[in-house]
Amino acid sequence: RDVGDDIFDWCADDFVIKVKEDTKGWNGDYTSTALPTTWHGYPIAYDSESDSSSTNDNFVNAYTLTGASGSVNGSSDDATLESGEPTPSCQDDYGASVWWKWTAPATGTVVFDTLDSDFNTILAVYTGSSLSSLSEVSSDDDGGANNTSRCEFDVVSGTTYYIAVYGYSDNQGDIYLNWDLRVDSEDDEIE
């Protein structure tokens with residue numbers, strides 16, 4: 001069920017979503033990085049087409065991913081490179097980036113990919129707490145189908161990983177970021 005315009009107004013300048021009226025417990029403002037994900041049990045998908053700029057363009061504005069597996073979509077249209085961004089080891093001909101962060105809910109092996117994105121992507125995963133302190137964990141250019149990227153790497157429960165999707169040689173477009181965690185043993189539970 002799409003609840004879209006029935007409940008929310010977009011404020012395109014700062015990407016704050018304002019609830020039009022009290023909708024059984026929701027009222028007030030929600031920023032794009034702390035949005036409710038369901039409404040009365042229905043999942044909500046947010047569409048920021050009213051402004052094509054990427055609000056997760058900068059490292060500090062990385063969108064948070066949750067869960068052992070999932071898929072999100074976004075855009076790198078009008079994204080930029082920040083001064084001091086790391087160079088992915090798999091490719092030095094890269095353009096604008098957008099960022100996500102994910103904290104591993106269990107120890108295991110995770111796969112991130114950009115399958116179904118509509119442009120040539122480069123995917124890089126880092127650990128660290130600031131742009132200047134990032135260490136690359138994995139990166140890939142064209143390991144997926146149709147010029148998409150795929151990274152598979154071991155993760156430790158509770159560790160936060162930063163995921164950057166770059167465009168090859170300044171390519172930009174619609175991004176589909178997918179992830180799937182496989183735990184090491186049946187003793188490990190996903191929180």
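These are my notes on the cysteines and one sheet of this structure.

**Starting out.** I am working with a predicted model, so I treat what follows as a reading of that model.

**Entry on disulfides.** How many disulfides turn up in the whole structure? I searched and found zero. As a reminder to myself, a disulfide is a covalent bond between the sulfur atoms of two cysteines.

I then asked why C90 has no bond to its closest cysteine sulfur. That closest sulfur belongs to C151 and lies 7.1 Å away, which is too far for a bond. The cut-off I need here is 2.5 Å between the two sulfur atoms. Looking from the other side, C151 has its closest cysteine sulfur in C90, again at 7.1 Å and too far for a bond.

**Entry on exposure.** Is C151 buried or exposed? With a relative accessibility of 1%, C151 counts as buried. C90 is partly exposed, at a relative accessible area of 30%.

**Entry on the sheet.** Next I looked up a sheet and traced its strand order. I read four strands in an open sheet, ordered β7-β14-β9-β12, with antiparallel pairing. Which strands sit at the edges? They are β7, covering 69-75, and β12, covering 150-155, and each of these pairs on one side only. Going from one strand to the next, I note an average twist of 15 degrees.

**Entry on one strand pair.** I picked out β9 (residues 108-113) and β14 (residues 174-183) for a closer look. These two run antiparallel and are joined by six bridges. Which residue of β14 stands opposite F112? I found W179 there.

Note on methods. Residues are numbered from 1 along each chain as its sequence is written. This is a predicted model: local features need pLDDT of at least 70, side-chain atom pairs count only at pLDDT 80 or more; totals for chains, interfaces and linings use all residues. Side-chain values use heavy atoms; hydrogens and water are left out. Buried means under 20% relative accessible area, exposed over 50%, partly exposed in between (1.4 Å probe, protein chains only). Two strands pair if DSSP finds at least two bridges between them. Axes are lines fitted to C-alpha atoms, for helices over the stretch in contact, and angles run from 0 to 180 degrees between N-to-C directions.
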